[in-house]
Amino acid sequence: MDPRHKLTKSLDQLFVDSSNPTIMSARTDDEAARNAANSGVTPEAIKQKLEANLGATHVVIEDMSGGCGQMYEAIIVSPQFAKKTTLARHRLVNAALKEEIAAIHAWTPKCHTPEEWEKKRPQ
């Protein structure tokens with residue numbers, strides 16, 4: 001049997017448990033606000049943790065989810081990123097924010113050293 005047929009069969013058996021709303025994205029703005037409040041993840045909390053754990057000198061966190069607090073994009077400037085690859089930088093950030101990342105849907109860090117940021121930052 002073609003493995004794709006097995007996948008289709010297994011997908012037909014999936015269902016959404018309405019008693020557990022956390023497994024599904026918000027249907028209304030009020031529900032999104034409640035989910036954000038329950039996750040405990042805020043841009044301010046992320047910024048503080050990055051400044052404390054990575055010695056970040058510049059952090060900008062943007063909520064890309066429209067306010068529900070489930071998708072963030074960040075610009076992080078830290079001297080700890082010097083001489084590290086992009087992957088190593090992301091691993092540092094992800095280790096510092098392990099609990100926060102587990103509570104949200106999407107996380108996109110953009111990591112720079114202070115020297116790189118001076119060249120890239122908006123004038």
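**Helix α3, its packing partner α4, and two buried residues**

Tyr72 is buried, with a relative accessible area of 2% (buried means under 20% relative accessible area, exposed over 50% and partly exposed in between, using a 1.4 Å probe and protein chains only). The model is a predicted one, in which local features need pLDDT of at least 70 and side-chain atom pairs count only at pLDDT 80 or more, while totals for chains, interfaces and linings use all residues. Residues are numbered from 1 along each chain as its sequence is written, and side-chain values use heavy atoms, with hydrogens and water left out.

Tyr72 belongs to strand β2 (helices, H or I with at least four residues, and strands, E with at least two, are DSSP runs numbered from the N terminus). Neighbours within four places in sequence aside, Tyr72 is in contact with residues including Pro43, Ile46, Ile61, Met64, Ala106 and Trp107, where contact means heavy atoms within 4.5 Å. Between Tyr72 and Pro109 there are 8.3 Å from C-alpha to C-alpha, although the two are 37 residues apart in sequence.

Ile46 also appears among the buried residues of α3, together with Leu50 and Leu54. Viewed down the axis of α3, these buried residues fall within an arc of 35°, so they line one face of the helix; the arc is that of the directions from the helix axis to the C-beta atoms. Their cover includes β1 (58–63), β2 (71–77), α4 and β3 (106–112). On the other side of α3, Glu44, Gln48 and Ala52 are exposed. The length of α3 also fits: its 12 residues, at 1.5 Å a residue, should span 16 Å, and its end C-alpha atoms are 16 Å apart, which agrees (the expected span is 1.5 Å times one less than the number of residues). After α3 comes Gly55, with a positive phi near 60°.

What, then, is the angle at which the axes of α3 and α4 cross? The axes of α3 (residues 43–54) and α4 (residues 86–96) cross at roughly 115° and come within 10 Å, the axes being lines fitted to C-alpha atoms over the stretch in contact, with angles from 0 to 180 degrees between N-to-C directions. In this pairing, Lys49, Leu50, Asn53 and Leu54 of α3 meet Leu92, Val93 and Ala96 of α4.

Lys49 has a further partner in Glu100, which, neighbours within four places in sequence aside, is in contact with Val41 and Lys49. Glu100 lies in helix α5 (residues 98–103) and is buried, with a relative accessible area of 13%.
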